[in-house]
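Visitor: Please take a close look at one part of this model and describe how it packs against its surroundings.

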Amino acid sequence: MGADPNSRFVEIYESAYEPILGYVLRRCPHPEDAADVVAETFTIAWRRIEEVPEDHEARLWLYGVARRVLANHRRGERRHEQRTAALRERLAASPALARPPEDEISQMGRVFRDLTDDDRELLSLVAWEKLDHGQIARMLGISRNAVRIRLYRARRRFARGLAGAGIDHPRAVALEGSSL
Amino acid sequence: MNLADIARVHDRDLAGEAAAPEAQGLMHAIMSEERERLAVARPRRRVGRGLVLGLAATATAVAIAVGAGLVGGPATSYANAAVSIKKTDEYFSVNITDPTADRRRFEEAFRAVGLNVTVKVIPVAPSEVGKLIGPIVPGGFMWHGSIGTQSIEPCSSAFCAKVWMPADFPGRVVFGVGRPARPGEPYVDEGPGGPEGEEALSGYVSHGKAVADVRAELRRRGLKAGYRLMWQYSDGGWFDEAVPASRVKGAWTVASTRFSSSDTVDLYVTAGKDAGPAPSPHPQPQWYDMPD
């Protein structure tokens, strides 16, 4: 780890900011709350810069941190900080985020929302973050085999939910990057 | 329809966001913080452990204040037998010399330099003795500036830290000072985050093992077991409930272990399917919630 902490952090921030912001926005009910979750995620990276792995693994590490920060956030540990005020405003005003989340308006979204957190997170990591089994295993700290088995079960439950909701040919609903 | 389609936003929609002034401003704000152990005050929602305040009062208290204004304004530095605090342009430099001192000695020092805080001397594990814990802001920190601590090493006192805190913050702020717990006395738990992945026993992995197996290992090592059931909620939250041994079945799975006193290890147990419905979270008062 040759780079000094400052330049290393800048590099990590600039390469991972967008995927981490995306990860958080896709899971945060209110876009403006995402600013605080993103800020805390990168603050943890800053404080623990020596622990952040190199290259692409840094993004997986940050997903894992963001996941825990989001869980805390959902548990009610909310605080808006002065330093995120500008970013909150930017996100609140973003046209791309103006429409309600799809899981509130589409039938498929509602089936997806009704899955357990674990199932939803696994399927999301594949479909939204485009992670493969090995990357998910490293992010969650479980074996590849466990990922494979859990994903298989999550897909099955999702397909069952779609069928139960009367969505035709649920098996034709593809998970991007893999088959359902 | 594709599952990817129901995402609120795609990464490609965010192209260029990292270069936005707001994102760059946040990066610089983060980097302006000191790096290691900058513990921003944030009460953790965990079940409280026993609390016994240290009452080892110093027999004689000599205090030296420097720089007190003629009209009685805050001093720029203050020292007594327990702690010395020096105000700099950016932060307060705090050196703890006697972590077992009466909490009032710490509070008087903070107040002398203009910080109205509550200090509690709390029993901790040996590795945490002397540390300044917090600042905790039970009501949340929504104010200008920042609040936090950073430990400094090397340190010739019991503990040295920088403390950031706006002197005009009107909310309640609590610091803990870790003192050695007595044998068997419960530690006040102030580890960062939950116990995920923690292993208390050297050379032994409890994660994934049955409660009965871990219990047997503790018995072999002459340790007592405490039990905390980990409940997951559909909103992604979790709650660990302290339960008696009778509530836990031997076949249930241990997620992690953590010393809760010198002779007791808490088993964090994933609630089995036959554990009944998850209770409503009922956080118990934490050490910083106790009357001052």
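Guide: What follows is an account of one helix and its two packing partners. The model is predicted. The part chosen is helix 2 of chain A, residues 31-47.

Within its own chain, helix 2 of chain A packs with helix 1 of chain A, residues 5-25, at an angle of about 150°, and the two axes are 10 Å apart. Angles over 145 degrees count as roughly antiparallel, and helix 1 and helix 2 of chain A are therefore roughly antiparallel to each other. Their crossing is right-handed. On the side of helix 2 of chain A, the contact involves P31(A), A34(A), V37(A), V38(A), T41(A), F42(A), A45(A) and W46(A). Helix 1 of chain A contributes residues including F9(A), Y13(A), Y17(A), L21(A) and L25(A). Sorted by class, this contact has 17 nonpolar and 2 polar residues, with no charged ones.

The other partner belongs to chain B. The axes of helix 2 of chain A and helix 1 of chain B, residues 21-31, come within 10 Å and cross at roughly 40°. These two helices are therefore oblique to each other. Here too the crossing is right-handed. From helix 2 of chain A, the residues in contact are V38(A), A39(A), F42(A), T43(A) and W46(A); from helix 1 of chain B they are L26(B), I30(B) and M31(B). The classes are 7 nonpolar and 1 polar, again with no charged residues.

V38(A), F42(A) and W46(A) of helix 2 of chain A appear in both contacts, the one with helix 1 of chain A and the one with helix 1 of chain B.

Technical notes: Residues numbered from 1 in each chain as written. Chains lettered and ligands numbered in written order. Predicted model: local features only at pLDDT ≥ 70, side-chain atom pairs only at ≥ 80, totals over all residues. Heavy atoms only, no water. Axes fitted to C-alpha atoms, helices over the stretch in contact; angles between N-to-C directions. Helix = DSSP H or I, 4+ residues; strand = E, 2+ residues; numbered from the N terminus. Parallel < 35°, antiparallel > 145°, perpendicular 65-115°, else oblique. Left-handed = near helix turned anticlockwise from the far one by under 90°. Contact = heavy atoms within 4.5 Å. Nonpolar A, V, L, I, M, F, W, Y, C, P; charged D, E, K, R; others polar.
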